[in-house]
Amino acid sequence: MTRPYVPWLLVVVALALAAVYLFPLYWMYVTSFKSGSEIFANPPTFWPREIDLSIYPNVWTRRTMHVFLWNSTLIAAGVTAITVIFGTGCAYVLARYRNVWLDIGLFSVLMLQVLPASVMVTPLFVAFNQFGLLNYPRTAVVLAAAAKAMPFFVVLVRATFMTVPRELEEAALVDGNSRVGAFFSIVLPLARNGILVCAILTFMSSFGEYIYSKSIIQAPALQPASVGLSGFLGPNSTDWNAIMAYSAIYVTPILAVFVLLQRRIVSGLTSGALK
Amino acid sequence: MGVIMETGPAVGGLMRRFLASLRDGVGFDILLVGAAMVFLIAMAGLPLIYNVLMSFQQVDMFTLGSLIRPWAGFQNYIDVVREPAFWLVAKNTFIFVFFSMGGQFVIGFALALFFAQNFPGASTIRGLFLVSWVMPGLVVGAIWSWILAGDFGVLNTILKGLGIIQSNVFWKSDPAFSIWAVVIANIWLGLAFNMLLLSVGLAAIPRDLYEAAELDGANALQRFWTITLPMMRSTIGAVLSLGLIGTLQQFDLFPAITEGGPANTSTVAQYWSWQMSFQLYDFAKGATISVMMLVLVLIASIIYVRSTRHEVRG
């Protein structure tokens with residue numbers, strides 16, 4: 001008799017767990033809605049006594065956020081473009097054929113996936129310095145971050161290409177298509193959704209890129225939003241409602257995209273992540 | 001076309017065959033893989049070798065612009081080990097890696113088991129957890145830095161309300177807690193990804209194994225030990241080694257929460273290496289520390305490749 005009630009109890013527990021896990025996000029928004037004196041109330045208020053949004057326009061202009069966000073967008077767009085253009089073809093070939101050379105290629109892509117950015121940043125900085133690339137700091141960051149993002153993209157998109165039936169491509173070849181023609185008119189359209197999701201994931205993660213930008217870009221006018229945030233964040237910060245408002249402006253677009261595409265992102269990750 | 005005809009039929013034929021292969025043969029595949037590989041070799045492979053080379057050279061402001069620098073042998077390695085902070089950083093790195101991985105794995109596994117139950121909305125609610133994975137690391141660090149703040153932080157309030165602590169813990173400025181502040185934030189950041197991968201592994205276990213065990217009278221704990229854990233072995237291997245790799249890649253939380261302080265009590269290898277290069281401009285030491293770390297990462301990735309090998313081959 002009690003059987004039908006058990007799932008609903010589980011749903012309640014699941015929602016409670018999710019609420020505990022997402023509390024930091026809630027806390028970010030709530031803090032940004034509080035006034036400068038209320039954030040130091042003791043004990044803290046879990047719901048703002050009065051909602052004060054004035055910090056948002058204040059932070060936006062005082063921190064020149066439009067410059068930072070524009071730079072973040074540029075960098076993320078560049079990284080995504082390079083990753084998609086180079087990575088898609090590579091993933092396709094790695095999914096279609098098997099021989100010793102491609103096994104070595106796949107193995108090295110898997111290996112590159114694990115290199116920490118903090119390991120790569122020192123040699124990249126010194127090498128960019130020698131080639132004069134530091135004069136074009138955003139380009140340098142795009143190149144470095146694309147090399148970091150590409151292996152993961154290749155692994156995920158390869159899993160997508162594996163689901164495209166080979167017979168369709170062979171039929172197109174029999175019908176007189178060239179390899180190039182079959183790739184662009186048959187394979188790519190069938191894998192489009194998977195590639196799109198992976199491209200969006202690449203965009204979102206490079207939108208938050210920090211270490212390369214912090215190390216390579218010196219001029220504040222060229223820095224992305226992550227470096228802008230680090231400018232007034234430290235162990236002794238007190239400006240918390242401003243920091244949280246900045247964070248909220250920064251991540252809300254990412255969160256919106258995530259909520260819209262959640263199902264696809266999760267299924268894209270699960271198909272590729274363990275392969 | 002005219003130029004090709006004039007240079008002779010042999011070269012023209014070769015050129016045509018090359019173009020045809022590019023459009024319709026193996027040349028197409030080589031072009032696709034080759035473009036990506038050249039880019040990755042230039043931007044990741046060569047810098048990696050350059051990093052190892054620099055760790056054996058004397059690098060200072062005068063030689064920064066040249067490739068051939070005075071040879072230093074193992075002097076950089078000796079210098080790094082003799083740094084007063086070396087053993088402290090090694091201990092912090094161990095604490096950070098071990099407890100981050102442990103926390104992410106245990107909590108992630110528990111959540112994965114819970115969400116493997118059959119109830120409405122399970123996969124949607126589980127998907128919400130992944131939101132931490134798409135957030136910029138620096139923003140996560142900023143939020144946790146505020147939650148963990150000593151005097152007005154909400155974590156202290158909650159812990160006091162639950163009766164776990166009596167007075168405020170200064171997470172970020174107390175040398176006994178500073179590394180734990182970053183560990184807590186990193187567990188939060190990484191556990192969703194752990195849970196997702198473990199959920200995939202759980203879903204792949206055939207249901208009838210559990211039904212057969214249940215008919216044989218095995219209780220829940222016995223089923224977990226005799227079915228779930230053995231069937232999950234390769235997934236667990238992959239998740240643990242990805243956890244190790246991910247933890248060694250974690251950088252953004254350190255500048256956001258503690259900046260390695262106070263007095264290096266929360267500095268780990270990856271942050272120390274960056275500080276050497278970009279705050280003290282000692283690129284040789286920075287490169288040396290990152291080579292040391294690289295060895296750790298390579299060990300982890302060998303385990304990872306071994307545990308996922310059959311999936312790669314499949």
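Reader: Among the elements of chain A, which has the lowest mean pLDDT and which the highest?
Author: Happy to start there, bearing in mind that this is a predicted model. Chain A as a whole averages a pLDDT of 87, and 96% of its residues score at least 70. Among its elements, the lowest mean, 82, belongs to helix 5 (residues 100-112) of chain A, and the highest, 94, to helix 4 (residues 65-96) of chain A.

Reader: Thanks! Where is confidence lowest in chain B?
Author: Chain B has a mean pLDDT of 85, with 94% of its residues at 70 or more. Its highest mean, 94, is found in helix 5 (residues 86-115) of chain B. Over residues 1-6 of chain B, by contrast, the pLDDT is below 50, and this stretch has four contacts in the model beyond near neighbours in sequence. The lowest mean, 44, falls in helix 1 (residues 2-6) of chain B.

Reader: Why should I not read some predicted coordinates in detail?
Author: Good thing to ask before any modelling. The reason is simply that pLDDT is low there.

Reader: And for the complex, what ipTM does the predictor give?
Author: Two scores come with the complex. The pTM is 0.88, and the ipTM is 0.89.

Reader: How many residues does each chain bring to the contact, and which helix of chain A gives the largest share?
Author: Chain A contributes 82 residues and chain B contributes 85. On the side of chain A that touches chain B, the residues divide into 61 nonpolar, 18 polar and three charged. The largest share of that side, 14 residues, comes from helix 13 (residues 240-272) of chain A.

Reader: What does the secondary structure of chain A come to?
Author: Let's take the chain from its N terminus. Every element in the order α-α-α-α-α-α-α-α-α-α-α-α-α is a helix. The C-alpha atoms fill a box of roughly 75 × 75 × 30 Å along the principal axes. The tally for chain A is 13 helices and zero strands.

Reader: How far apart are the end C-alpha atoms of residues 69-261 of chain A?
Author: An unreviewed UniProt entry lists this span as "domain: ABC transmembrane type-1". The span is 79% helix and 0% strand. Its end C-alpha atoms lie apart by 22 Å.

Reader: Which residues of chain A does the UniProt annotation "transmembrane region" cover?
Author: Two of the annotated spans can be checked against the model. Residues 140-161 of chain A are 100% helix, with end C-alpha atoms 31 Å apart, and residues 181-204 of chain A are 96% helix, with ends also 31 Å apart. The full list in the unreviewed entry is residues 6-29, 68-94, 106-128, 140-161, 181-204 and 240-261 of chain A.

Reader: Where is the kink in helix 3 of chain B centred?
Author: Helix 3 (residues 26-54) of chain B has 29 residues and reaches 39 Å from first C-alpha to last, close to the 42 Å expected. The kink in this helix is about 45°, and its centre is Ile41(B).

Reader: What distance separates the centres of domain 1 and domain 2 of chain B?
Author: Domain 1 of chain B takes in residues 2-54, and domain 2 takes in 85-313. Taken over C-alpha atoms, their centres are separated by 42 Å.

Note on methods
Residues are numbered from 1 along each chain as its sequence is written. Chains are lettered from A and ligands numbered from 1 in the order in which they are written. This is a predicted model: local features need pLDDT of at least 70, side-chain atom pairs count only at pLDDT 80 or more; totals for chains, interfaces and linings use all residues. pLDDT is the predictor's confidence in each residue, from 0 to 100. Helices (H or I, at least four residues) and strands (E, at least two) are DSSP runs, numbered from the N terminus. UniProt positions are given in the numbering used here, feature names are shortened, and annotations may be inferred rather than shown by experiment. Two residues are in contact if their C-beta atoms, placed from the backbone, lie within 7 Å. Ala, Val, Leu, Ile, Met, Phe, Trp, Tyr, Cys and Pro count as nonpolar, Asp, Glu, Lys and Arg as charged, and the others, Gly among them, as polar. The expected span of a helix is 1.5 Å times one less than its number of residues. The bend at a residue is the angle between axes fitted to the seven residues ending there and the seven starting there. Domain bounds come from an automatic or database domain assignment.
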